[in-house]
Amino acid sequence: MKRGLVRIALTLLLLLPGCADYNELDKLDLVLALGFDRTEDGDLQVTGISPVFSESAKTKQDVFRVQSRSLRESREKMNAVSNGTVVAGKVQMVLVGKRLLEHTTLFPHLDIMYRDAKTTTNAYLVAVDGTVSELMTASYPGKPAVQMYLRNMMDSAVRNGLTANVTLQKYHYMYYDRGSTAFLPEIARRGSELTVNGVALLNARDRYEMSLNRTETKQLLMLRNEAEFPMMLTADLPANGKRLPVSFSVKKARPRFRIEWQKTPHIRVSLDLHAEVTEYPSESELTKSIPELERNISRYFDRELSALLRKLQEHRVEPIGIGGRIRSLQHGRWKTIGENWPDTFAQSKVTVRTNVVIKRHGILK
């Protein structure tokens, strides 16, 4: 019995985690938000924000701003001015300035984050319309610390379908996916507040090409089958003999794509959509005109989605992932067009058909 107990005790001791590699929080600078932009000289302007755990400290966060040639070099420079060891393994937000996205390829700048096993790949990757360092060091009265403000704002925007959920891991997949082009959520500073613009679209060279506003972003997410429901929309539609704003909530949207081959692909887009009317100019008129309202909302989506697809074709970007569907279902065709898919998409004929069904129009009926 004694020998059995000794064996059990030794086994438990071996299973206990060791503490040889522990670190004290007050000796670390945990960077939770990291941003970088391109300087006039072509270098990186890197800004990092970390919380301060010391009770005697006058400020609750440290801000590091250094100029370097790479993110690896910037960490060394941050360590030179920090009172602790800079650790980037807990980064929750990675902000990238549009100036950098316009002039250079993004992926090589993130190389250190993909090579370092201690770096989380679940951090948001976000484009900034403006100067990154100014956004990260500005004062936001009534708001929490900047790193928390950024994280909370992005969580809310993604949950409400105002922008896309792009992490370091997802961007890595999009970069290597030849069946679509990459995109990033886009934010900006407006005075003493931050706002979500929509998404920034990257071209086949992994550089900034154009931006979509919040309404266009919702449409893109529906086409990608990544929308968060319910999704609120307002459109000017025919009502009572004139055009009036009608608000509705999209409860479900199912996109379908059919590719017909001629000299160039003919892409037929179908969208089955279930909606609930949330605001209408006249309740008495609404009860009588549900079929007409369904047709008007269908026409609205036909126009909006067609305009969005034309805009994507003009800029030779394809963030929807139609190319990926062709690669999966028609691999023989893909072998001939895969290397230049954005150009092929730009020359394709695209038609859109939306079928809207109104499931409810308020609690009165």
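Two residues are said to be in contact, or to pack against each other, when heavy atoms of theirs lie within 4.5 Å. With that meaning fixed, the buried residues of helix α7 in this predicted model can be said to pack against β6 (93-97), α4 (111-115), β7 (124-128), β8 (183-190) and β9 (193-202). The buried residues in question are L168, Y171 and M174, within a helix that spans residues 168-176. Viewed down the axis of α7, these buried residues fall within an arc of 120°, and so they line one face of the helix. The general background is that an α-helix has 3.6 residues a turn, so residues three or four places apart point the same way. On the other side of α7, Y173 and Y176 are exposed.

It helps to set this helix within the chain as a whole. The protein chain contains 13 helices and 14 strands, and buried residues account for 48% of its 365 residues. Among the contacts between residues at least 6 apart in sequence, 65% join residues that are at least 24 apart.

Several of the strands that α7 packs against belong to an open sheet of eight strands, whose order is β4-β3-β2-β6-β7-β8-β9-β10 and whose pairing is mixed. The edges of this sheet are formed by β4 (61-68) and β10 (208-212), each of which pairs on one side only, and the twist from one strand to the next averages 30°. Helix α6 (residues 146-159) also packs on this sheet, where it touches β2 (33-38), β3 (44-51), β4, β6, β7, β8 and β9, and its direction makes about 60° with that of β9. Within the sheet, β7 and β8 run parallel and are joined by two bridges, and A127 has E186 in β8 as its bridge partner.

Strand β9 of the same sheet holds V199, which, with a relative accessibility of 0%, counts as buried. When its neighbours within four places in sequence are left aside, V199 is in contact with T163, A164, L184, P185, E186, M210, S211, L212, T217 and L220. E186, the bridge partner of A127, is thus one of the residues that V199 contacts. The C-alpha atom of V199 is separated by 10.0 Å from that of V166, a residue 33 places away along the chain.

L220, another of the contacts of V199, is also one of the residues through which helix α8 meets helix α10. Helix α8 (residues 214-223) and helix α10 (residues 290-314) pack at an angle of about 90°, with their axes 11 Å apart, which makes α8 roughly perpendicular to α10. From α8 the contact involves T215, E216, Q219, L220, M222 and L223, and from α10 it involves Y300, F301, E304, L305, L308, L309 and K311. Sorted by class, the contact has eight nonpolar, two polar and three charged residues.

The loop between α8 and β11 contains two backbone features that deserve a look. N225 lies in this loop and has a positive phi of about 60° although it is not a glycine; at 52% relative accessibility, N225 counts as exposed. P230 lies in the loop between α8 and β11 as well, and the peptide bond leading to P230 from F229 is cis, with omega near 0°.

Beyond that loop comes a second open sheet, in which four strands are arranged in the order β11-β12-β13-β14 with mixed pairing. Its edge strands are β11 (231-239) and β14 (349-360), each pairing on one side only, and neighbouring strands are turned by 40° against each other on average, direction ignored. Strands β12 (residues 242-261) and β13 (residues 265-279) run antiparallel and are joined by 14 bridges, with K252 standing opposite H274 in β13.

Across β12 and β13 lies helix α11 (residues 322-329), which runs at about 30° to β12. Its buried residues include I322, G323, G324 and I326, and the buried residues of α11 pack against β12, β13, α12 (331-337) and α13 (341-347). In the loop between α10 and α11 is R316, another residue with a positive phi, here about 55°, although it is not a glycine. At 37% relative accessibility, R316 counts as partly exposed.

Note on methods: Residues are numbered from 1 along each chain as its sequence is written. This is a predicted model: local features need pLDDT of at least 70, side-chain atom pairs count only at pLDDT 80 or more; totals for chains, interfaces and linings use all residues. Side-chain values use heavy atoms; hydrogens and water are left out. Axes are lines fitted to C-alpha atoms, for helices over the stretch in contact, and angles run from 0 to 180 degrees between N-to-C directions. Angles under 35 degrees count as roughly parallel, over 145 as roughly antiparallel, 65 to 115 as roughly perpendicular and the rest as oblique. Ala, Val, Leu, Ile, Met, Phe, Trp, Tyr, Cys and Pro count as nonpolar, Asp, Glu, Lys and Arg as charged, and the others, Gly among them, as polar. Buried means under 20% relative accessible area, exposed over 50%, partly exposed in between (1.4 Å probe, protein chains only). The arc is that of the directions from the helix axis to the C-beta atoms. Two strands pair if DSSP finds at least two bridges between them.
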